[in-house]
Amino acid sequence: MKETPSLGLIHPEFESLVQRIIQTVDKDKLAELRKDFHTRLRITLTQPDNTELVEDLWDFFYDWCVFEQKLPEMLESLGPQDQDIWSHVKGGSNRGLYSVARANDTGLKLKELYTGKTFVIKKKASNDFLGIDRGDIIEGRLVGEEKEKAFSFVRRPSYHPTEVHAYIKGKVKQFKKSQDFSTYQSWLWLLVGMYLKHRIYNHMPIEKIYDDNSRI
């Protein structure tokens, strides 16, 4: 099994909205949202020991707060600049599960497994997408301009090893057959939970974690 690639990518506009939420939203409200989020992912509220893992967990949480709970729309203190940022990222947001169709010096070409849509992600730094290869499967949220066909990740994607590709593709096939896009989108959060649990419990066989009936 190859190591999880390094994908340290945080979109500046997403970062700006997250900071606004941290400064504005009541701490009890955030704690309640965090509990709901962890329940959705089927992971405990206990913070892992790994600093990078903790940071990723918070990034996933704020993605959910911004895009799924639409917290920016509930913030009365959101100024014109942040409102413009929210309007931009909301309008160009695409969350999905992507197969890497091409990985080279210029960037990535991704194919969304459910819709079949393709997205081009250009490299901005030489170490972007380090370790990502053709055929890899990653979950992520993209923002960008449809006309320009230029997209970038909102936050670090979740990476799903080859050993579980058959499970993932089988699940996507089920969703496509039933044409149930909304349940597919909900399942993507469970998949993120599996990815995080695989990193937390890395001594456990991965097939025991990527399983519909997993108790881990």
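**Entry 1: the hairpin of strands 2 and 3**

I started with the turn between strand 2 and strand 3, in what is a predicted model. The two strands form a hairpin with 5 residues between them. I looked up the backbone there and found that Gly116, in the turn, has a positive phi of about 80 degrees. Strand 2 and strand 3 run antiparallel and are joined by 5 bridges. I then picked out one position across the pair: Leu108 stands opposite Ile121 of strand 3.

Next I asked myself which residues of strand 3 are on the covered face and which on the uncovered one. Phe119 and Ile121 make up the covered face, while Thr118, Val120 and Lys122 make up the uncovered one. A handy reminder for my notes: side chains in a regular strand alternate between the two faces of the sheet.

**Entry 2: the hairpin of strands 1 and 2**

I stepped back along the chain to strand 1, residues 93–104, and strand 2, residues 107–112. They pair in the antiparallel sense over 6 bridges. This is a hairpin too, with 2 residues between the strands. I noted one partner here: Val100 has Leu110 of strand 2 as its bridge partner.

**Entry 3: aromatic rings**

I searched the whole structure for aromatic pairs and got 21. The one I opened up was Tyr114 with Tyr184: the ring centres are 4.8 Å apart and the planes are at 20 degrees, so I logged the pair as stacked. Where do Tyr114 and Tyr184 lie? Tyr114 is in the loop between strand 2 and strand 3, and Tyr184 is in helix 6, so the pair ties together parts that are 70 residues apart in sequence. I checked accessibility as well, and both Tyr114 and Tyr184 are buried.

I followed the rings outward from there. Tyr114 and Tyr184 belong to one aromatic cluster together with Tyr167, Phe175, Phe181, Trp187 and Tyr210.

**Entry 4: helix 3 against helix 6**

Since helix 6 had come up, I looked at its packing. Helix 6 covers residues 181–200 and packs with helix 3, residues 51–68, at an angle of about 170 degrees, the axes being 11 Å apart. Angles over 145 degrees count as roughly antiparallel, and helix 3 is therefore roughly antiparallel to helix 6.

I listed the contact residues next. Helix 3 brings Glu52, Leu53, Asp56, Leu57, Phe60, Asp63, Trp64 and Glu68, and helix 6 brings Trp189, Val192, Tyr195, Leu196, Arg199 and Ile200. How many residues of each class does the contact have? I got 9 nonpolar, no polar and 5 charged residues.

Terms used: Residues numbered from 1 in each chain as written. Heavy atoms only, no water. Axes fitted to C-alpha atoms, helices over the stretch in contact; angles between N-to-C directions. Helix = DSSP H or I, 4+ residues; strand = E, 2+ residues; numbered from the N terminus. Parallel < 35°, antiparallel > 145°, perpendicular 65-115°, else oblique. Contact = heavy atoms within 4.5 Å. Nonpolar A, V, L, I, M, F, W, Y, C, P; charged D, E, K, R; others polar. Pairing = 2+ DSSP bridges. Phe/Tyr/Trp six-rings, centres within 6.5 Å; stacked < 30°, edge-to-face > 60°. Buried < 20%, exposed > 50% of the residue type's maximum accessible area, 1.4 Å probe, protein only.
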